[in-house]
Amino acid sequence: MLWFEVFVVTMGGMIPAAEHARCSKEATKMYKLIDRAAPDYRKLMQFMEILLNLEHAGPQIVVWDIDRLKRIHGQASEYLHFQGAPFDTHENPLGLGNGISKLESMANYIWGEFTSGKQTGNMPLDKMEPETKAVWEQFRDDKLDKVGVRTQLLIAQPVLTARRGIGRK
C-alpha cells in the first residue's frame with residue numbers, strides 16, 4: 001500500500017490500471033517502476049518541502065527514503081516467503097530472535113513516519129498554479145537549484161496570494 005501511495009504521488013495522482021496490475025503481480029515489475037519513478041519522486045519532494053515551508057500553515061510531508069523502502073521490502077519478503085527447515089527458522093531461538101529484531105526495526109521506520117503527524121502526498125501537477133508549475137518544471141529539468149526555487153516562489157507569492165483572495169475581508 002505504501003508503494004502505491006508513493007507511485008500515486010510521483011505520477012501526479014494517476015497510475016494506469018494495467019501498470020498497477022503488473023506491479024501487484026510481479027516484484028520485478030514493481031522494482032522497475034520504483035527505479036523509474038524514484039528520481040522524479042525525490043525531486044518532487046524536495047520541491048514540495050520548499051513550497052510548503054513558504055506557507056504559514058502548510059502541512060508537513062513524509063519524504064520516504066525509497067532505497068530504504070526497497071531494502072525493507074526485500075528483507076521482509078524473506079520472512080513472508082521463506083522456505084526453510086523448522087530447526088533453522090522458528091525452532092531456532094537465535095534465528096527467531098534475529099528475525100523478529102529485523103522486522104521490528106523495519107516496521108519502526110515505517111510506523112514512525114506514519115505516526116509523525118506528516119502526510120504522504122504532494123500537490124497534483126495539474127492543480128498547480130501556472131507560476132508554481134513553471135518553477136517546478138525548471139527545477140525538475142535542473143535549470144533551477146533549491147535557492148532559485150525558493151526565490152522564484154517568493155517572487156510569485158504576492159500574485160498567488162492575491163489570486164486566491166487570501167487576506168481579503
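**Salt bridges and a helix pair**

Modeller: The side chains of Arg42 and Asp67 meet in a salt bridge, 3.2 Å from N to O, in what is a predicted model where local features need pLDDT of at least 70, side-chain atom pairs count only at pLDDT 80 or more, and totals for chains, interfaces and linings use all residues.

Biologist: Why is the meeting of Arg42 and Asp67 called a salt bridge?

Modeller: The term requires a side-chain nitrogen of Lys or Arg within 4 Å of a carboxyl oxygen of Asp or Glu, and the 3.2 Å between Arg42 and Asp67 is within that limit, so the pair qualifies. Residues are numbered from 1 along each chain as its sequence is written, and side-chain values use heavy atoms, with hydrogens and water left out.

Biologist: Is Lys43, which forms a salt bridge with Asp142, buried or exposed?

Modeller: Lys43 has a relative accessible area of 18%, and because buried means under 20%, exposed over 50% and partly exposed in between (1.4 Å probe, protein chains only), Lys43 is buried. Its partner Asp142, at 60%, is exposed.

Biologist: How do you know how helix 6 runs relative to helix 7?

Modeller: Helices (DSSP runs of H or I, at least four residues, numbered from the N terminus) have axes fitted to C-alpha atoms over the stretch in contact, with angles from 0 to 180 degrees between N-to-C directions. The axes of helix 6 (residues 130–140) and helix 7 (residues 146–164) come within 9 Å and cross at roughly 170°. Angles under 35 degrees count as roughly parallel, over 145 as roughly antiparallel, 65 to 115 as roughly perpendicular and the rest as oblique, so helix 6 is roughly antiparallel to helix 7.

Methods:
Helices (H or I, at least four residues) and strands (E, at least two) are DSSP runs, numbered from the N terminus.
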